[in-house]
Every structure is written in C-alpha cells, then in structure tokens.
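Welcome to the tour! Open your viewer, switch on the cartoon display, and get ready to select residues as we go.

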Amino acid sequence: MPGHGHGHEADTPCGTSPLLYTPAQAASLLAVRESWLRRRAGQRTIPCTFIGKHLRFSQADLRAIVDSGRQTPPAPRSRPRRTRRR
C-alpha cells in the first residue's frame with residue numbers, strides 16, 4: 001500500500017519530522033557516517049534511544065550530539081610586554 005512503510009519519511013505528514021530517526025536518517029541529518037553513529041551509541045558516548053533492540057534517535061538526541069561537539073574558540077592570548085634593558 002502506498003504511504004505505508006517502515007519508518008520512512010512518507011509515513012509523516014508533510015512538513016513534520018518523525019518522532020524517532022533510524023541510524024541512517026540520523027547520520028544523514030548530522031552528515032556523519034552511520035557506522036560512527038552506531039559505534040558511539042553502542043559505547044553509550046552519545047545520547048540515543050533503544051526501542052527493544054532497535055536503535056533510534058530523537059530530535060533531542062540529535063540536538064545534544066551537535067551541542068556536545070560545539071567548541072568555542074580559545075581566547076586570544078596576550079603576549080607579555082617586553083621590557084627594555086638599559
């Protein structure tokens with residue numbers, strides 16, 4: 001039947017996001033390899049959701065993954081002033 005799949009975008013109304021993303025969908029959204037995402041989730045180093053044995057990612061999980069990778073640039077280092085020797 002058209003429109004009835006297994007967690008594909010066609011299952012959601014136009015303009016809405018799925019409740020949970022598969023690892024492939026999440027990897028695509030984050031522009032990372034699916035293997036990296038699965039490995040980190042298996043190590044429990046990134047937020048994820050397990051539904052039984054199925055790995056999924058919520059919007060909050062994806063946001064937390066992005067936020068955890070955010071780095072602020074280091075503050076500019078001031079150089080000590082040189083003193084003149086007489």
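A residue is called buried when its relative accessible area is under 20%, exposed when it is over 50%, and partly exposed in between, using a 1.4 Å probe and protein chains only. By that rule, buried residues make up 17% of the 86 residues in this protein.

Before you click further, some notes on what you are looking at. This is a predicted model, in which local features need pLDDT of at least 70 and side-chain atom pairs count only at pLDDT 80 or more, while totals for chains, interfaces and linings use all residues. Residues are numbered from 1 along each chain as its sequence is written, and side-chain values use heavy atoms, with hydrogens and water left out.

**Stop 1: colour by confidence**

Colour the chain by pLDDT, the predictor's confidence in each residue, from 0 to 100. The average for the protein is 82, and 80% of the residues score at least 70. Now select residues 1–10, where pLDDT stays under 50. For this stretch the model has eight contacts beyond four places in sequence; a contact means heavy atoms within 4.5 Å.

**Stop 2: walk along the elements**

Which elements do you pass as you start from the N terminus? The order is α-α-β-β-α, giving three helices and two strands. Helices (H or I, at least four residues) and strands (E, at least two) are DSSP runs, numbered from the N terminus. Among these elements, helix α1 (residues 23–30) has the highest mean pLDDT, 97, and strand β1 (residues 49–51) the lowest, 93.

**Stop 3: the nonpolar core**

Select Y21, A26, A27, L37, A41, I46, L55, F57, L62 and I65 and show their side chains: these 10 residues form the largest nonpolar core. Such a core is a set of buried Ala, Val, Leu, Ile, Met, Phe, Trp, Tyr and Cys residues joined through side-chain atoms within 4.5 Å. The elements that give two or more residues to this core are α1, α2 (34–42) and α3 (59–69). In soluble globular proteins, nonpolar side chains tend to be buried together.

Keep Y21 selected and look around it. Not counting residues up to four places away in sequence, Y21 touches A26, L29, L55, R56, F57, Q59 and L62.

**Stop 4: helix α1 and its cover**

Which residues of α1 are buried? They are P23, Q25, A26 and A27. Show the neighbours too: what covers these buried residues includes α2, β2 (54–56) and α3.

Zoom in on Q25, which sits in helix α1. Q25 counts as buried because its relative accessible area is 13%. Draw a distance from the side chain of Q25 to the backbone nitrogen of T22, and you should find 2.9 Å. This is a polar contact, a pair of N or O atoms within 3.5 Å; within protein, one must be able to donate a hydrogen and the other to accept it, and residues adjacent in sequence count only if both atoms are side-chain atoms.

**Stop 5: two residues with positive phi**

Move just past α1 to A31, in the loop between α1 and α2. A31 has a positive phi of about 60° although it is not a glycine. Is A31 buried or exposed? Its relative accessible area is 68%, so A31 is exposed.

Next, select R44 in the loop between α2 and β1. R44 is also not a glycine, and its phi is positive, near 60°. With 57% relative accessibility, R44 counts as exposed.

**Stop 6: the salt bridges**

How many salt bridges does the structure hold? There are two, each a side-chain nitrogen of Lys or Arg within 4 Å of a carboxyl oxygen of Asp or Glu. Side chains of opposite charge can pair when their charged atoms come close.

Select R38 and E34: their closest N and O atoms are 3.0 Å apart. Because they are four residues apart in helix α2, R38 and E34 are separated by about one helical turn. R38 is partly exposed at 43% relative accessibility, and E34 is partly exposed at 29%.

Then select R70 and D67, whose side chains meet at 2.9 Å, N to O. Here R70 is exposed, with a relative accessible area of 56%, whereas D67 is partly exposed at 41%.

**Last stop: A64**

Finish in helix α3 with A64, partly exposed at 30% relative accessibility. Add P47 to the selection: A64 and P47 are 17 residues apart in sequence, and their C-alpha atoms are 7.0 Å apart in space.
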